[in-house]
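Please work through the exercises below with the sequence and the model open side by side. Each task is followed by a solution that goes step by step.

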Amino acid sequence: MTEKTAKEKTVSTQYAALHKFGQNEEYERALKAANKILGVAPHEFLAFHCKIVCLIELARFDEGIAQMNKNPEYTQDLIFEKAYCYYRLNKHQEALATIEKSESEIDYRTKELKAQISYRLEQYKDAHAIYQDIIKNTDDEYEEERLTNLYATMVYLDEDDRVDLELKEDAYELCYNKACMLIASEEYVEAEKKLKQCEKLCREKFEEDEDMADEEIDIELALIRIQLAFVYHKLGRVKEAQILYASNLKLKLEDIALQAVASNNIVCINKDQNLFDSKKKMKLALNDTLVHKLPSLQRKHIALNNAILNYYINQTDQCEKACKAIESTWPELHTSVTILRALNLVKADKIGDAINLLRKGEKDETSKLYVDLCIAQFHLIKGDKLEACKVLENLGQDAYKPGIVGALTTLYLAIGEESTALKVFEKTVAFYKQRKVKSADLSSFWRQAADFHIRNGHPQVAANSLEELLSANKDDKKIAAQLVLACSQFDKARALKLSKDLPSIEELAKGVDYESIHTLAPVQKKSPATKGDSLPSTPKSDPDSQKRKRRHRMRKGKLPKNYDSSAQPDPERWLPKYERTGYRKKRDRRAKEVIKGSQGTSYGQTEQYDFSKKLDEVAMSPASNAEPSPRASQSKQGAHQKKANQKKKSKRR
């Protein structure tokens with residue numbers, strides 16, 4: 001056998017083995033067969049292609065890229081494989097550059113890969129256009145998957161760029177992406193209905209598989225339920241949202257992105273409460289692997305929430321560090337980060353530094369009002385109301401907004417400058433008249449302005465406000481009556497003319513049932529202290545009765561029945577009972593008997609050891625001139641009584 005025939009036999013044998021291993025998905029053995037072919041025939045492209053496919057199936061993407069770089073002659077033929085390896089290694093820029101280097105027109109599978117890479121790079125318009133092109137020009141079994149991906153790209157597009165497609169009833173993935181589009185459009189009620197429909201479709205699909213347990217079905221439904229919890233959160237049903245988030249986090253979820261989103265949303269619900277729980281949840285939401293799993297929109301909100309949480313738990317250094325990291329990564333959050341840093345300074349009683357920080361920060365048109373209101377709030381915290389008023393007055397056209405005007409007038413009235421508050425209202429009325437703003441949009445403002453001017457004695461200015469209010473509410477007779485009252489104070493002829501448009505008393509009284517009004521009138525009950533002839537507010541008929549004054553007679557206290565005026569009163573009558581001589585404490589049956597005398601003495605020895613008799617003898621002897629104290633006699637008396645009680649007790653026993 002010649003060398004050439006041996007080589008051909010080896011190649012054919014290994015190709016057969018390679019085909020067999022590929023059919024059985026034995027990629028390790030298939031890789032060895034491909035290497036044997038390449039060992040005999042190094043320029044065999046088919047074997048090299050099979051080797052790259054085996055490396056991809058074995059998830060050895062780095063090795064696959066290295067092999068393709070060693071053989072640059074095959075680069076144009078392996079565009080898809082090389083780009084896919086970069087994509088799986090999360091090197092999306094390199095993957096896109098590889099596809100764009102293709103010299104020939106790319107096929108549909110490479111186009112789909114490019115659409116997916118564009119989606120990961122958040123180039124949603126490009127991805128949307130590619131998917132639309134593929135759906136128009138292909139007709140195969142993967143149409144449903146492509147429609148699902150198309151809807152996923154449309155979630156992040158503007159409303160003008162979205163094209164609503166007809167949904168299939170049996171595709172829960174399409175239904176879910178449609179719900180996400182409704183959430184992006186802030187149509188939360190419709191999104192709730194769509195998500196419930198999606199949950200029903202998903203459950204029906206998985207319940208058909210008898211091998212799936214209930215827990216596995218719940219894990220599959222977790223994505224839909226967490227999204228539904230977000231909808232509840234936005235609709236103000238916070239308790240329901242919190243229960244849904246917590247119940248799904250208890251499941252063994254493999255998707256770390258799903259866990260991070262649910263954890264972050266729970267932290268948002270907790271706010272400044274349950275900070276220990278929020279700290280644990282935030283650790284889960286800040287996983288490093290989420291960089292490639294969540295879009296930047298979600299990641300930047302999680303980072304900002306982490307900084308706010310550090311502010312709540314008084315970790316000022318960590319908060320400052322997080323703010324700097326956010327500002328460097330997402331410059332569009334500059335305003336929010338600057339305000340958070342200022343709040344950090346306010347917490348440290350550095351209000352002046354906080355105000356300077358906000359003034360020095362860059363302001364765009366959208367955030368200028370927000371920052372200026374924060375500066376005004378910091379002045380109020382400092383106690384400087386006048387400075388806060390100056391900030392609010394220097395807001396340009398925003399200073400004439402009803403909310404700002406209300407705050408200014410309240411502050412000026414609080415510091416006692418009513419004339420300045422009046423000027424604020426006058427300027428605002430003139431501003432809106434000059435701009436010819438519709439009165440219907442400012443009805444509450446005109447009403448407040450009219451009330452304020454009437455209270456402060458400026459009926460002419462109040463009449464102007466009431467006229468603006470009446471132009472928007474022509475049928476409101478109450479406003480017309482207020483205008484007549486205001487005009488009557490400075491222009492009676494005009495008031496008379498306006499009063500003709502008011503309804504007459506007969507018109508107002510038309511249809512009124514006087515009898516029912518009379519029966520419904522409240523009846524005032526007379527108090528028992530008043531007499532029937534006189535009312536509470538009417539004087540009595542006797543004119544001299546007002547001059548009369550009641551004299552309170554001092555009555556002597558009553559004496560006891562057995563009182564003897566000749567007997568000497570008890571000298572101890574002012575002492576408490578327990579300090580008097582004859583006081584005897586009541587015996588407590590719960591207390592144990594106190595044993596007196598030494599135990600074991602015989603009856604004959606009692607007199608020998610009874611010292612109480614000896615003390616009595618000493619006390620009665622002539623040598624002792626001291627009188628016995630009341631307490632001593634009291635103790636003796638108590639002792640005799642106790643003995644008597646003991647005898648009685650023994651008799652009863």
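A residue is called buried under 20% relative accessible area, exposed over 50%, and partly exposed in between. The model is predicted.

**Exercise 1.** Determine whether Asp349 is buried or exposed, and describe its place and backbone.

Solution. Asp349 has a relative accessibility of 69%, and because exposed means over 50%, Asp349 counts as exposed. Its place is the loop between helix H18 (334–347) and helix H19 (351–360). The phi angle of Asp349 is near 60 degrees, which is a positive value in a residue other than glycine.

**Exercise 2.** Carry out the analysis for Asn314, starting from its phi angle.

Solution. Phi of Asn314 is near 65 degrees, a positive value, although the residue is not glycine. Asn314 sits in the loop between helix H16 (296–312) and helix H17 (316–329), and with 52% relative accessibility Asn314 counts as exposed.

**Exercise 3.** Classify Ser102 as buried or exposed, and find which backbone oxygen lies 3.0 Å from a polar atom of its side chain.

Solution. Ser102 belongs to the loop between helix H6 (92–100) and helix H7 (108–120). Its relative accessible area is 18%, so Ser102 is buried. The backbone oxygen in question is that of Ser104.

**Exercise 4.** Identify which helix gives the most to the negative patch on the surface, and classify Glu215 by its accessible area.

Solution. The patch of negative charge gathers residues including Glu204, Asp209, Glu215 and Asp255. Helix H12 (residues 214–234) gives the most to the patch, with three residues. Glu215 is found in helix H12, and its relative accessible area of 43% makes Glu215 partly exposed.

Technical notes:
Residues are numbered from 1 along each chain as its sequence is written. This is a predicted model: local features need pLDDT of at least 70, side-chain atom pairs count only at pLDDT 80 or more; totals for chains, interfaces and linings use all residues. Side-chain values use heavy atoms; hydrogens and water are left out. Patches are made of residues with over 30% relative accessible area and no salt bridge: like charges are joined within 9 Å, nonpolar side chains (Val, Leu, Ile, Met, Phe, Trp, Tyr) within 5 Å. Accessible areas come from the Shrake-Rupley method with a 1.4 Å probe; for residues, only the protein chains shown count as cover. A salt bridge is a side-chain nitrogen of Lys or Arg within 4 Å of a carboxyl oxygen of Asp or Glu. Lys and Arg count as positive and Asp and Glu as negative; His and the chain ends are not counted. The place of a charge is taken as NZ of Lys, CZ of Arg, CG of Asp or CD of Glu. Helices (H or I, at least four residues) and strands (E, at least two) are DSSP runs, numbered from the N terminus. Buried means under 20% relative accessible area, exposed over 50%, partly exposed in between (1.4 Å probe, protein chains only). A polar contact is a pair of N or O atoms within 3.5 Å; within protein, one must be able to donate a hydrogen and the other to accept it, and residues adjacent in sequence count only if both atoms are side-chain atoms.
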